[in-house]
Protein chains: 2
Amino acid sequence: MQKGLLILISGASGTGKGTVCKKFLSEMPETYYSISATTRQPREGETDGVEYFFITVEEFKKKIAEGKFLEYAEVYGNFYGTPLYKIEEHLNRGENVLLEIDTQGALNVMKKIPDGVYIFLLPPSLEELYNRIKNRGTESEEDLRRRLDSARQEIEVGKKYQYAVINDSVDLAVEKIKSIVAAESLKVERQLELFQNFFSKRGALRCQ
Amino acid sequence: MQKGLLILISGASGTGKGTVCKKFLSEMPETYYSISATTRQPREGETDGVEYFFITVEEFKKKIAEGKFLEYAEVYGNFYGTPLYKIEEHLNRGENVLLEIDTQGALNVMKKIPDGVYIFLLPPSLEELYNRIKNRGTESEEDLRRRLDSARQEIEVGKKYQYAVINDSVDLAVEKIKSIVAAESLKVERQLELFQNFFSKRGALRCQ
């Protein structure tokens, strides 16, 4: 069976990656969206395996030691991490896995999973990004500049991804990501089993 | 402007690559289908630039010397060749170029145009290929075996392509090829100009 694809989507803040990922998942519901693991207590209404995987500190530390997180962090005394073990479970079942992650995290993932599909979302332009952030009206001119500077740096990192998709329209961006996923599944290196099957004993016998 | 893609499609004989290419072109009419150049005289009804580019032996030999053919052959005293110069003209205009070529020719093209998109069409199975050829009813059992043997060898070469598409349905195969073409255009290495534009003076000024 063909292994699933790890699809990682990043983008500078304000690029709309959350909206794009949500729409992609609604159109490709067989995709597994990677859920973080945490050691904090579930809040009311939260379910294990929906918002988070809730595990104990001991379990979390054991998984760190075993290299079972793609990345993790400690925030206010609680651990949060992206569980590689869950991702691999789904990939091995032939399911695609979607991971929405910042550029810093993405560079680490690229090292650990070199055959992943790395997609960088771009705003139509820096001007457009400026306007989008400004129109929220929540930021001072100084904050705005700082955010744009960091967006510039993030976009520079975007060159290290395999694919760049401009999010000028959510529908179009999702269509493009679907094409990327379809094409990646058709790569020869991911389909070597298919070639082997052509030359299996059964196939050869039947053709003689 | 983004350069066009060279899309090369091969497949063992009997895989239906002619039908697939024709349908692809009808759905993507802006694609330039590479036409061969020849030194033979145009027959009645043939037009220069439609069936062939008709050129003189002198012109043909000059182009050989200048390395302007992806490949060429002499058949019954006439030259036939795949004109690299025409292909490059269209690629530089930002147009995609489709090339339907056998596996031997394809390996040569890969060396000359390493950033091309190489797609190998597969029959659903060797059995299916056997049946397709057999149902034509024109081949002896020995010819049939010979064709299957050569198909096996060609399929082995298929592993050197980037993408493998099973032609179980022409419509599905064309959809897959369209996804591959869309995805390839979104590769970061093909869009470096886009990244540069983000940091052009004009963009920077407007954002401050």
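Of the residues of chain B, Ser179(B) is the one that comes closest to the rotation axis, its C-alpha sitting 2.3 Å away. The axis in question belongs to a predicted model, in which local features need pLDDT of at least 70 and side-chain atom pairs count only at pLDDT 80 or more, while totals for chains, interfaces and linings use all residues. Residues are numbered from 1 along each chain as its sequence is written, chains are lettered from A in the order in which they are written, and side-chain values use heavy atoms, with hydrogens and water left out.

Now for the axis itself. Two copies of a chain are related by a rotation about an axis and a shift along it. Here, chain B goes onto chain A with a rotation of 180° and 0.0 Å of shift along the axis, at an RMSD of 0.1 Å; the fit is by least squares on the C-alpha atoms of residues with pLDDT of at least 70 in both copies. That is the relation of a two-fold axis. The same surface serves both copies, as 100% of the contact residues of chain B recur in chain A (contact means heavy atoms within 4.5 Å).

How confident is the prediction, and where does it falter? The model scores ipTM 0.86 and pTM 0.87. On pLDDT, the predictor's confidence in each residue from 0 to 100, chain A has a mean of 89, and 96% of its residues reach 70 or more. Among the elements of chain A, helix 7 (residues 170–185) has the highest mean pLDDT, 98, and helix 9 (residues 201–206) the lowest, 45. Over residues 201–208 of chain A pLDDT stays under 50, and for this stretch the model has 9 contacts beyond four places in sequence.

As for the overall build, chain A comes to 9 helices and 9 strands, these being DSSP runs numbered from the N terminus (helices H or I, at least four residues; strands E, at least two). Its C-alpha atoms fill a box of roughly 75 × 45 × 30 Å along the principal axes. Of the 208 residues of chain A, 47% count as buried, where buried means under 20% relative accessible area, exposed over 50% and partly exposed in between (1.4 Å probe, protein chains only). Among contacts in chain A with a separation of 6 or more, 66% come from residues 24 or more positions apart.

Turning to the interface, 38 residues of chain B are in contact with 38 residues of chain A. The two chains bury about 3,600 Å² between them, 72% of it on carbon and sulfur atoms; buried area is the accessible area (1.4 Å probe) that two parts lose on being put together, summed over both. Between the chains there are 6 residue pairs in polar contact, both residues at pLDDT 80 or more. A polar contact is a pair of N or O atoms within 3.5 Å; within protein, one must be able to donate a hydrogen and the other to accept it, and residues adjacent in sequence count only if both atoms are side-chain atoms. The count of salt bridges between chain B and chain A is 0, a salt bridge being a side-chain nitrogen of Lys or Arg within 4 Å of a carboxyl oxygen of Asp or Glu. Helix 7 of chain B gives the most to the side that touches chain A, with 5 residues.

Ala173(B) lies in that helix, helix 7 of chain B, and is buried at 0% relative accessibility. Leaving out residues up to four places away in sequence, Ala173(B) touches Val20(B), Val165(B), Ile166(B) and Asn167(B). The C-alpha atoms of Ala173(B) and Leu121(B) are 8.4 Å apart, with their positions 52 residues apart along the chain.

Over all chains, the salt bridge count comes to 32. In helix 6 (residues 141–157) of chain A, Glu142(A) and Arg146(A) lie 4 residues apart, about one turn, and their side chains meet in a salt bridge (2.9 Å, N to O). Glu142(A) is exposed at 56%, and Arg146(A) partly exposed at 48%. Arg152(B) pairs with Asp149(B), the closest N and O atoms being 3.0 Å apart; Arg152(B) is buried at 17%, whereas Asp149(B) is partly exposed at 41%. Finally, Lys23(A), Glu27(A), Asp171(A), Glu175(A) and Lys178(A) are linked in a network of salt bridges.
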